Amino acid sequence: MTENTNDAGRFRRTLIGVMTVQVVTLLLLWWLQVTFTK
Amino acid sequence: MHPINWLIVIAWLAYNVWDGLRRSKNTHEMEGYFLANRSLPWWAVGLSVMATQLSAVTMIGGTGQGATDGMRFIQFYFGLPIAMVILGVTLVPFLHGAKVFTAYEFLERRFDARTRSLTALLFLLSRGMSCGVIISAPAVVFSAVFGWDLTLAVALIGVPTVLYTMIGGVQAVTWLDVKQMALIVFALLAIVVTLLVKLPVSPIDALHIAGAAGRTRVYDFSFSLTNTYTFWSGIIGGTFLMLSYFGTDQSQVQRYLTARSVDEARSSLLMSAYWKIPLQALVLLIGVLVFAFYVFTRPPLLFNPAHERLLIAANPGTFEVLREEYQARLTQRDSAARMLAVAESDSARETAARMFKVSEVGASALRDEALSIVARATRQPSRDVNYIMPRFAIDHLPIGLLGLFIAAVLAAAMSSIAAELNSLATTTVIDFYRRWVRPEASDAHFLFVSKAATGFWGLFACGVALFAANLGSLIEVVNRFGSFFYGSILGVFLLAMIPRARGIGAFVGLFAGMAAVAAVNFGAPSVSFLWHNVVGAVTVVAVGTLLSIVAPPRMRHPTPGS
C-alpha cells in the first residue's frame, strides 16, 4: 500500500516536472526565434 | 582514419558484446529473456525507450536537417509529451496489468485471434524491413564518407548487436541502451563545445548569422494539411503518431512491459517525455552551428564524396562551372557574415543580413542544381543532407572525438536495432510459434526458439541492409506501406477501450483504416504524412464501432475479455 502510494506520488511529481520542462523548452525556442530570426 | 579513432570504435563494440554476454546469466527462462521478469527500474526502462527511438538517422539526418532547414523540424515532436501522458493513464495500465508478452496478445483477449495475428503480421513485415534500413542508413553513409567497404560497415553495426541481443535478451538490450544513451549525450555535448571553439565568431553572432538564413525559425502556426512541419501537425498529427509508436509498436511496448509495476512503466514513458524535445533541439542546434561553421570555412559543393566524383566523371565542365560560381557566392556570404558579426547599429545589421541572405539563396540554388544532376544520374534522391555531419566530423573533429562520434552513431543504431530484434523475436515466438505451431512445450524449448528467432531476424536485417543500397525505391515503397497501417493499429487499440466494440468491428475496421490512409497517401485528397495516423485511427474507430453495433450477433465473436 505504501509502495503504491509512493509510486502514485512519483508519477504525479514526474508529470508536473514533464509539463514544466516542456513549457520552459517551448519558451526558450520562442526566444530563439524572435531574437535571432531575421 | 587515425588508429586512435579506430581503437575507440573497436573498444566500444567489444564492450557491447562483453556486456551482453555478461547479462546472459540472468535469462534462463522465457519471461526473463523477453521481459527481465518484469523487474527493471523505471529510469533504466525510460532511457531504453529513448535509446530505441533515437536511431543513427537522428544523429546524422537530424543534424543535417538542422544545417539545411533549421530548427523547425522540432515541431514534429510537440505531440510526444502529450502522447506519453495519454498512454500513461490509458494503455499502459491495460497492457502491463494484462501480464502479456506482446501488445497483440492483448488484442486476442479483447477481440479475437485473427485481429491479433493480422496486427502481429503487419508489425513483423514493417519492422523486419525497417530494421534492415536502420542498419543500412549509417552503413551507406559511413562507407561513402570514410571509404569503408559496405559489407564491413553492415557487419560492424549488425554482428555485435545480433550477438548481444541473441545471447543476453532484453536485459542486455536495456542495460546497454542506458550506456549507449550516456555515450550519445556525451558525444553531442562534446561536438557542441568543439563547434563553439572552432567558430571564429561568438555563439550569439553565430546564431544571428544562422537566423539571417532562417535556420532559427522554430514555429509555423499556419494550418495546412499538406505542410508537414507546422505547430498544428506536430501537436495533433504528432500526438497520433507517437500514440501509435509508443502504444502499439512492440519494439516500444516491450520496453515498458519490463518495468517493475504499472507506475514504474508510466514513469519510464514520462522520462522520455521529459527529455525528447530538449535532446532533439540539441541535435538540430548542432546542425545550425555546423551551418554557421561552414559560413566561415569553405564547404564542399556536395557532401557525399561519391556523388561529387560521379558529377565530375559525368560532366566535368558543368561541375567546374558550378563549383566556381558556388565559391564566388560563398566568398560573398563570408564577407556579409563578418559584416553582420561586427555591425553595431540596427541599420548596419539589417543591411548585412540582407546581403547575407541574397548570397545564401544564390549558393543554395547552385547546390540544388548540382543535387538535381546527381539525382538524374543515379535515379534516386541524393539525400546529401545525411552526409553533412559525417563529412564535418571526418574533416574537422579532432582525433579521438571523431572516434567518439562514430561510436555514438553506432550506439544510436545498435540500440534501435537491438530493441527491434528483441521485439521481432518475441512476436514471432509468442504470437505465431506458441499460438499456432506448438502451444505446449517446455520453457527451455521456447527459450531456444526465441534465441534462434533473434538470430534469424538479425541475419534477415543484415541481408536487407546489404541490398538496401541498391533497392532505394523498393525500400521507400516498404516504408510507405508501413505508414498505411500504423494509425490503423492504433485505432484497433482505441477500439479495445470502447466496451461495445467487437472482433468483427476491429478486423474490418483495420482494413477500412488502411484503405483510408492509402486513399490520402495517393492524393484523394492530398494530406501530409503526419496526418495519416489521424485518418487511419479515426476511420478504424468509426467503422469498428458502427460495425460492432449493426453486425448480426453471430458475427460479433464475443470473447472472454469483452
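Visitor: How many of the 562 residues of chain B, as a percentage, count as buried, and what makes a residue count that way?

Guide: In this predicted model, 56% of the 562 residues of chain B count as buried, the criterion being that 20 or more other C-beta atoms lie within 10 Å of a residue's own. For chain A, by the same criterion, 16% of the 38 residues count as buried.

Visitor: What makes chain B as compact as a globular protein of its length?

Guide: Chain B has 22 helices and zero strands, and its radius of gyration of 25 Å is close to the 24 Å that the globule rule gives for 562 residues, so the chain is as compact as a globular protein of that length. Along the principal axes, its C-alpha atoms fill a box of roughly 75 × 50 × 45 Å. As for its contacts with a separation of 6 or more, 85% join residues that are 24 or more positions apart.

Visitor: Why is helix 4 of chain B called largely enclosed by the rest of the structure?

Guide: Of the 14 residues of helix 4 of chain B, 10 are buried, so the helix is largely enclosed by the rest of the structure. Among these buried residues are B:Ala56, B:Met59, B:Ile60 and B:Ala67, and what covers the buried residues includes helix 8, helix 13, helix 17 and helix 18 of chain B.

Visitor: How do you know that the end-to-end span of helix 4 of chain B agrees with its number of residues?

Guide: At 1.5 Å a residue, the 14 residues from 56 to 69 should span 20 Å, and because the end C-alpha atoms are 19 Å apart, the two values agree. Just after this helix, B:Gly70 takes a positive phi of about 85°.

Visitor: Is B:Met414 buried or exposed, and how do you know?

Guide: B:Met414, which is in helix 18 of chain B, has 32 other C-beta atoms within 10 Å, and because the cut-off for burial is 20 or more, B:Met414 is buried. Leaving aside neighbours within four places in sequence, B:Met414 is in contact with B:Asn16, B:Ile157, B:Pro160, B:Thr161 and B:Gln180. The C-alpha atoms of B:Met414 and B:Val173 are 9.3 Å apart in space, although the two residues are 241 residues apart in sequence.

Visitor: What makes B:Thr174 count as buried?

Guide: B:Thr174 lies in helix 9 of chain B, and with 28 other C-beta atoms within 10 Å, set against the required 20 or more, B:Thr174 is buried. Not counting residues up to four places away in sequence, B:Thr174 touches B:Ala36, B:Leu40, B:Ala44, B:Val45, B:Ser48 and B:Thr258. Its C-alpha atom is separated by 14 Å from that of B:Leu54, 120 residues apart along the chain.

Visitor: Why is B:Lys99 called exposed?

Guide: B:Lys99 has 12 C-beta neighbours inside 10 Å, and since 12 or fewer is the limit for exposure, B:Lys99 counts as exposed. The residue sits in the loop between helix 6 and helix 7 of chain B and has a positive phi of about 55° although it is not a glycine.

Visitor: What makes B:Arg38 partly exposed?

Guide: B:Arg38 has 16 other C-beta atoms within 10 Å, a value between the 12 or fewer of an exposed residue and the 20 or more of a buried one, and is therefore partly exposed. B:Arg38 is found in the loop between helix 2 and helix 3 of chain B, and it has a positive phi of about 50° although it is not a glycine.

Visitor: How do you know whether A:Gly9 is buried or exposed?

Guide: A:Gly9 has 11 C-beta neighbours inside 10 Å, and because exposure requires 12 or fewer, A:Gly9 counts as exposed. The residue is found in helix 1 of chain A, a chain whose secondary structure comes to one helix and zero strands. The C-alpha atoms of A:Gly9 and A:Leu26, 17 residues apart along the chain, are separated by 26 Å.

Visitor: How many residues does each chain bring to the contact between chain A and chain B?

Guide: The contact takes 18 residues from chain A and 26 residues from chain B. By class, the side of chain A that touches chain B has nine nonpolar, six polar and three charged residues.

Visitor: What describes the packing of helix 21 and helix 22 of chain B?

Guide: The axes of helix 21 and helix 22 of chain B come within 7 Å and cross at roughly 145°, and this crossing is right-handed. By class, the contact of these two helices has 13 nonpolar, 10 polar and no charged residues.

Notes:
Residues numbered from 1 in each chain as written. Chains lettered and ligands numbered in written order. Predicted model: local features only at pLDDT ≥ 70, side-chain atom pairs only at ≥ 80, totals over all residues. Contact = placed C-beta atoms within 7 Å. Nonpolar A, V, L, I, M, F, W, Y, C, P; charged D, E, K, R; others polar. Axes fitted to C-alpha atoms, helices over the stretch in contact; angles between N-to-C directions. Helix = DSSP H or I, 4+ residues; strand = E, 2+ residues; numbered from the N terminus. Left-handed = near helix turned anticlockwise from the far one by under 90°. Expected span 1.5 Å × (residues − 1). Rg over C-alpha atoms; globule rule 2.2 N^0.38 Å.
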